[in-house]
Amino acid sequence: MSTNYYWIDEIIEGLLEEVGSNDINDILDYLGIVTIKDNSKNVLLSSSDAFYIRNIDGVETILIRDNLPAIFEKYVLAHELGHAILHVDIMDAAYSKFTIKNKLEKEADYFAIRILNITLDKTELEGLTKQQIAGLLQIKVDSLDFFIN
């Protein structure tokens, strides 16, 4: 995996030590982040599987589609948790024309892969396409770049 994100690895290590569990739901509960499952007709979910928000009172919520496969749901929750922890000013960043949104997404993807301890055995997956591998691992295709680089 990429060493450019060593700082994220350190955050994850401290978080797992503090929480005492690597279960994504335990971590969300410990941090007091509310998870709301909703259907795909919700306007906030019109273009994504989940949405993280911190309201004016500091209440953090992840709104997630209610029809995701369980294993992919964990990845999506971990990705949104990555935003919550790594991008404290995410709402400011989301609406700024100076923010490199792709960078924020890559950091959240890396966070999700690392906190879920997703590994890739290249010999077992030889001959498969990127789409097939991502489907088996239940991650985004773009996230496979962390295993390649």
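Trainee: Let's start with one tyrosine: is Y110 buried or exposed in this predicted model?
Mentor: The bar for buried is under 20% relative accessible area. Y110 comes in at 1% relative accessibility, so it counts as buried.

Trainee: How many aromatic pairs are there?
Mentor: For two rings to pair, their centres have to lie within 6.5 Å. Go by that rule and the count of aromatic pairs comes to two.

Trainee: What kind of aromatic pair do Y5 and Y110 form?
Mentor: Their rings sit 4.9 Å apart, centre to centre, with 35° between the planes. Stacked needs planes under 30 degrees apart and edge-to-face needs over 60, with the rest called tilted. An angle of 35° fits neither of the two named ranges, so this pair is tilted.

Trainee: How many residues apart in sequence are the parts that Y5 and Y110 tie together?
Mentor: Y5 belongs to the segment before α1, while Y110 is part of helix α5, residues 101–115. Y5 is buried too, at a relative accessible area of 13%. Because of where the two tyrosines lie, their pair ties together parts whose separation in sequence is 105 residues.

Trainee: And F72 with Y75, is that pair stacked or edge-to-face?
Mentor: Both residues are buried, and they lie three residues apart in helix α3, about one helical turn. Their ring centres are 6.1 Å apart and the planes meet at 20°. That angle is under 30 degrees, so the pair is stacked.

Trainee: Let's switch to charges. How many salt bridges does the structure hold?
Mentor: Side chains of opposite charge can pair when their charged atoms come close. To be counted here, a Lys or Arg side-chain nitrogen must be within 4 Å of a carboxyl oxygen of Asp or Glu. The number of salt bridges in the structure is five.

Trainee: Which residue forms a salt bridge with D9, and in which helix does it lie?
Mentor: The partner is R114, and the closest N and O atoms are 3.0 Å apart. D9 is partly exposed at 23%, and R114 is partly exposed at 34%. D9 itself lies in helix α1, so the bridge ties together parts 105 residues apart in sequence, the other end being R114 in helix α5.

Trainee: K37 forms a salt bridge with E73, but where does K37 lie?
Mentor: In this bridge the closest N and O atoms are 3.2 Å apart. E73 is in helix α3, and the pair ties together parts 36 residues apart in sequence because K37 lies in strand β1.

Trainee: Within that bridge, which residue counts as buried?
Mentor: Buried means under 20% relative accessible area. K37 has 49%, which makes it partly exposed. At 13%, the one that counts as buried is E73.

Trainee: What about K103 and E107, in which helix do they both lie?
Mentor: They form a salt bridge with closest N and O atoms 3.7 Å apart. K103 counts as partly exposed at 47%, whereas E107 is buried at 5%. The two are four residues apart, about one turn, and both lie in helix α5.

Trainee: Last one: leaving aside neighbours within four places in sequence, which residues is E80 in contact with?
Mentor: E80 has its place in helix α3, and it is buried, with a relative accessible area of 8%. With those sequence neighbours set aside, E80 is in contact with A50, F51, Y52 and I62.

Definitions and conventions
Residues are numbered from 1 along each chain as its sequence is written. This is a predicted model: local features need pLDDT of at least 70, side-chain atom pairs count only at pLDDT 80 or more; totals for chains, interfaces and linings use all residues. Side-chain values use heavy atoms; hydrogens and water are left out. Rings of Phe, Tyr and Trp (its six-membered ring) pair if their centres lie within 6.5 Å; planes under 30 degrees apart count as stacked, over 60 as edge-to-face and the rest as tilted. Buried means under 20% relative accessible area, exposed over 50%, partly exposed in between (1.4 Å probe, protein chains only). Contact means heavy atoms within 4.5 Å.
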